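Reader: Hi! I have a new model open on my screen and would love some company going through it. Could you walk me through it?

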Amino acid sequence: MTVESTDVLVVGSGFGGAIAAYHLAAGGARVVVLERGPWLSGKDFEHDFLLGSSYTRVFDFVAGDGMSVLSGNCVGGGSVVYFAALPRAPRFTFERHGSIGRRMWPSAINRDTLDPWYDRISEAMVVEQQTWDDVTFAGGLWAAACDHAGRTANPVPVSVDLSKCTNCNWMMAGCRFDAKRSLLFSYIPAAVSHGADIRPLHEVQRIERKDDGSYRVRYTTIDEVDYRVHTGEGAIDAKIIVLAAGAGATPVILKRSEETLGAMPHAVGRYFSGNGERLNTAVLNEDRVRDVLGLSRAGGRIAYEANQIGKGPVVANWDKLDASLPEYGRFSLEQLYFPPGLGTILAQAPGVADPAWFGPAKKRMLEQWKSWLIIFQMTEDDNEGVFGPPPPTGNAFRISQQMLGRGPLSYDPTPNTLSGWAAADAEVKDILERDGLAEVTAWTNDLVGAYTVHPLASCRIGDDPATSALDDRHELRGHPGIFVTDGSAVPGALTVNPALTIGALAERAIPGIVRAARERGVAVDYGAPVPVGVTSTPMTTGVAG
Amino acid sequence: MGSPTGDAEEIQVLTLEAYADTIIPGERRSADDRAIAGVAPGGGAVQAGALEMLNDPATGVTAGLAPLSQTLNAHATAYAAEIGLDLDGTVPPFVSLSYEHRSALIARLVAPGHPEKDGWVLLALFSYMAYDSAAHMHTTDAIAAGHPGLLSMGFGKPDDDGLWRFREHSYGRALARPHPNTTSSGSPA
Ligand SMILES: Cc1cc2nc3c(=O)[nH]c(=O)nc-3n(C[C@H](O)[C@H](O)[C@H](O)COP(=O)(O)OP(=O)(O)OC[C@H]3O[C@@H](n4cnc5c(N)ncnc54)[C@H](O)[C@@H]3O)c2cc1C
């Protein structure tokens, strides 16, 4: 086996990976990005539930013990499958204590010091405010219900070219119409234009330390249809490693590498947070929606029946993002759409005994599917997730040809987390069951545990070596030259969608990584502008092996 | 109807159909349909294609279907003994249970802490997916064929090019006051 070499090896091409790859390549370093998923764009993103097409190719769903994680699995990572809601985290989240009893963020970071980095990533992703004309029926209904209950409601800032959006609601399968401004439109083509070598279907398995203090990364290549099949293997030596495989995968790679790297900091694979996520499904009473909220569509015939129409979350309630409330009592509530097949099973029929997710009553609930409204709650959890021994490859034992696996994460919610979930459930009920508008139930945690699309904090930054795996420059403690820039670095739940914060932190980490690379003899500068308007069509190589 | 000691494949099909029908129940295909319990009108997971779905190797569960259906029948026999039910012997034990008992047994098998939970959850998941998303077929074909799950959920039809678009998508008016602590760019302050 020949061993290649490069200056910087980046693992994963989501927010953390793409941002690092761009800046380091633009600064003159030789950069290789290894990404386990395929490289897809536009026409590849089918409107189809068939296994082996759209969704399953670009997703990774890993069931753990008490928590399941849904993430992206493709070049562009989560940005390809996400809903592109990009709010900044509220000021108080940076002051949180969480499970460690004192401020968990590094002292150098608060909302004020992060704002300039938020500005940069917002410029690159083209984050825009939506108008009420952009707000879909589902978002409008949620806003009207909030208003009726004396609450406020905000159209959320998004990174979507609204002039191209057809409200098809296949957004999670990748945007067919190039309306979602994923990383495939910004950092990734910009990185490629500066010479970054992005290799899809390459899954990193292990990192080794070499005698000269540099690193060797071992990977396997993955079959483009059956991800259970590994088609080859290889190794690349690099002076700097940027790990950005996502909070469900980065700690697994590090734990598997302990034999060859030496002991990991205690916090690697601990303090995992699901961003406090929880989901509720409301089944609306169409007559009450018309009579109480005064809403109607198409000449007054239908009040709502629009579950299938739209684009991700467009409206959020932020009334409980109130710094004066106690920790675990703060949360946001966002309307969103989950397609059938990826969440329908977890909805519970109202008013029936457990288990309420299957059987005749659930079938009747499915018949009202057009009248569903899903509310997504982002609460403050207690960072209670812990990763067990790593599986032989990747971050899970793969079950299905694509998407589905069983992983080593365990999550046993503490009373703090449970109380946050209960408060959010009660608030949603108060808003949506008022005046008979709907019946609301929470998704069951019995089947696949809690469910998160926002994995965070499994390898977090911090000032205290006992509770953080990385220093505040994102360098892995005790392993100079290894940096982590993905969601695993975020210290805890944010009460809002996390991608903009992950991106801002990655942008903030770059000057330090450039400095470390220079100290290791890499000729690289810092100072490239954020990539804006790089290309109007996404960069793709098709599916290369 | 075959005897439970008869054709192994037939036993497996009946048993898995009964499992899928417990998850999303449907109406009987004929008067002597025993796999489907017949507790809900319209097609259920079986009519939606649960067996086709489970037999698709892409699921990763195909090799487990024989052991799972054998184990399910063993659980059904033990369950019947435990609560003093007579099994009728002309059909596999799980199929012999009433819907109420099938459901109660599955509730135990998928409950947190059950050692075989993973396998039973996968069986439920793919039974579900056959119904709620017809994931064993192209979605456009499923809709054209009147797939019972997508039809009963009211899943909308695509445009002629097989892609979905919703021109009418917004109430088009302000429906709430935004939070007073919102920045000019639309974020929480
Ligand atoms: C359905 C859905 C909707 C979402 N909606 C929103 C939203 O509206 N707003 C928001 O802020 N966030 C949203 N998110 C979350 C957001 O996508 C993530 O927070 C973000 O993408 C995380 O960035 P990251 O860099 O940590 O990791 P990722 O973006 O997950 O990137 C990690 C990459 O590493 C790759 N990888 C993993 N293991 C390996 C390996 N061993 N070798 C090589 N490559 C590997 C993965 O395939 C992936 O491409 C959503 C997520 C999902 C799944």
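Author: Happy to! One definition before we start: helices and strands here are DSSP runs, numbered from the N terminus. Also keep in mind that this is a predicted model.

Reader: Good to know. Which strand or helix gives the most to the shell around the ligand?

Author: That is β7(A), with three residues. Elements of chain A that each supply at least two residues of the shell include α1 (15-26), β4 (67-72) and α12 (499-519).

Reader: And how many residues surround the ligand?

Author: There are 39, and the closest are Glu35(A), Gly78(A), Ala85(A), Gly487(A) and Ala499(A).

Reader: What's the mix by class in that shell?

Author: The shell has 22 nonpolar, 13 polar and four charged residues.

Reader: Which backbone atoms should I click on around the ligand?

Author: Try Gly487(A), where a backbone N or O atom lies 2.7 Å from an oxygen atom of the ligand. For Ala85(A), a polar backbone atom is 2.8 Å from a ligand nitrogen atom. Ala84(A) also has a backbone N or O atom, 3.2 Å from an oxygen atom of the ligand.

Reader: How much of the ligand does the protein bury?

Author: The protein buries 97% of the 1000 Å² that the ligand exposes when taken alone.

Reader: Nice. Changing topic: what does UniProt list for residues 451-506 of chain A?

Author: An unreviewed UniProt entry gives "domain: Glucose-methanol-choline oxidoreductase C-terminal" for those residues. The span is 14% helix and 9% strand, and its end C-alpha atoms lie 25 Å apart.

Reader: What about residues 7-41 of chain A?

Author: There the unreviewed UniProt entry places "domain: FAD dependent oxidoreductase". Residues 7-41 are 34% helix and 26% strand, with the end C-alpha atoms 28 Å apart.

Reader: Now the two chains. How many residues does each bring to the contact?

Author: Chain A brings 74 residues and chain B brings 70. Between them the chains bury about 5900 Å², 60% of it on carbon and sulfur atoms.

Reader: And which residues in chain A lose the most area to chain B?

Author: Leu51(A), Phe358(A) and Lys363(A), which together make up 12% of what that side buries.

Reader: Last one: where should I look for unusual backbone geometry?

Author: As background, most peptide bonds are trans, and most residues other than glycine have a negative phi. The bond from Asp354(A) to Pro355(A) is cis, with omega near -10°. Pro355(A) sits in the loop between β12 (332-336) and α10 (360-367) of chain A. Then there is Leu201(A), whose phi is positive, near 60°. You'll find Leu201(A) in the loop between β6 (197-199) and β7 of chain A.

Conventions: Residues are numbered from 1 along each chain as its sequence is written. Chains are lettered from A and ligands numbered from 1 in the order in which they are written. This is a predicted model: local features need pLDDT of at least 70, side-chain atom pairs count only at pLDDT 80 or more; totals for chains, interfaces and linings use all residues. Side-chain values use heavy atoms; hydrogens and water are left out. A residue is near a molecule or strand if one of its heavy atoms lies within 4 Å of it. A polar contact is a pair of N or O atoms within 3.5 Å; within protein, one must be able to donate a hydrogen and the other to accept it, and residues adjacent in sequence count only if both atoms are side-chain atoms. Accessible areas come from the Shrake-Rupley method with a 1.4 Å probe; for residues, only the protein chains shown count as cover. Helices (H or I, at least four residues) and strands (E, at least two) are DSSP runs, numbered from the N terminus. Ala, Val, Leu, Ile, Met, Phe, Trp, Tyr, Cys and Pro count as nonpolar, Asp, Glu, Lys and Arg as charged, and the others, Gly among them, as polar. UniProt positions are given in the numbering used here, feature names are shortened, and annotations may be inferred rather than shown by experiment. Contact means heavy atoms within 4.5 Å. Buried area is the accessible area (1.4 Å probe) that two parts lose on being put together, summed over both.
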